[in-house]
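User: Please walk me through the inside of this protein. I would like short answers with reasons.

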Amino acid sequence: MLLKQYKTHFFDSLKNIQDEQEIESFFFILTEYLHNLKRVDVALNSNFELSDEEVEKWNAILVDLQQEKPIQYITGEAWFYGLKFEVNENTLIPRPETEELVEWIIESQKSKVQSQKLEILDIGTGSGCIPISLKANLPQANVSAIDVSEQALEVAKRNANSNKVEINFIQANILEVEYLSQLQTPNFQLPTSIDIIVSNPPYVRNLEKEEIKKNVLDYEPHLALFVEDTDALLFYRKIAQLALKNLSPNGLLFFEINQYLGKETVELLQNLGFKNIELKKDIFGNDRMIRCSI
């Protein structure tokens, strides 16, 4: 079968599930993933023929897409801040809103002396997209990352290696930590003073599940997504309390937040004594990130 013939079948099979632009995006992601053919190569090879074995691979992927499995979990990779990351069912798929958070952190350091020592900690790292992107763009920084999931940390370690950066990874349940400086591995201990603490913790309330698309709800790790309705700011409160103990005098705390709880998160930080609190919207116009200091 010719690839262009399969393309028609591919579009017809997904047209009742996805819009045409999304289907086209999936198609060209897969031509590169399966055949190393970019969009221009497909156009130049109109008679590219698929073997029976290749058609079977396409068909298997098509079944996954019809069940709304994320394309990133099918290919096992996602792009974030210009870098390629391995992702699987143990990690969230990196999102463009989080890229904006990374950009905000990098911008906050541009006026500072590049040789100045900088300690950065990411809490709830998942695939490692935040700390790895920060280290790649702030090479003078010493970057550490924490996650409760051993499986997620294994993915994050591979991503650090593939992107050629050094990150100090620590497995810990942040809700059980009293001082960040108590956390250590056989070869590393977190410092008592940290310049930047960043976190994109679980923040989706169970009551919001009906808003979540099937491709997220059925496939992405609930451990990294959801919190109880009765204490939706649990992680923010705990991390902020730790930041009060471990942030350096001029340090900054950055959060990605629930778009519906911007006011409540700001009030939480105010009540804990944080200063210079900035609430920022994402590219979609939603309250999405906060920066503050002690």
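The questions below deal with the core, one helix and one loop residue.

Analyst: This is a predicted model, where local features need pLDDT of at least 70, side-chain atom pairs count only at pLDDT 80 or more, and totals for chains, interfaces and linings use all residues. Residues are numbered from 1 along each chain as its sequence is written, and side-chain values use heavy atoms, without hydrogens and water.

User: Which element supplies the largest share of the largest nonpolar core?

Analyst: A nonpolar core is a set of buried Ala, Val, Leu, Ile, Met, Phe, Trp, Tyr and Cys residues joined through side-chain atoms within 4.5 Å. Buried means under 20% relative accessible area (1.4 Å probe, protein chains only). This core has 39 residues. Its largest share, six residues, comes from H10.

User: What is the distance between the end C-alpha atoms of H10?

Analyst: Helices are DSSP runs (H or I, at least four residues), and strands are E runs of at least two, numbered from the N terminus. The expected span is 1.5 Å times one less than the number of residues. H10 has 13 residues, so it should span 18 Å; this agrees with the distance in the model, 19 Å.

User: Is Asp 282 buried or exposed?

Analyst: Asp 282 lies in the loop between strand E12 (275-281) and E13. Its contacts (heavy atoms within 4.5 Å) include Glu 97 and Met 289. Asp 282 has 6% relative accessibility, so it counts as buried.

How values were computed
Buried means under 20% relative accessible area, exposed over 50%, partly exposed in between (1.4 Å probe, protein chains only). Lists of a residue's contacts leave out its neighbours within four places in sequence.
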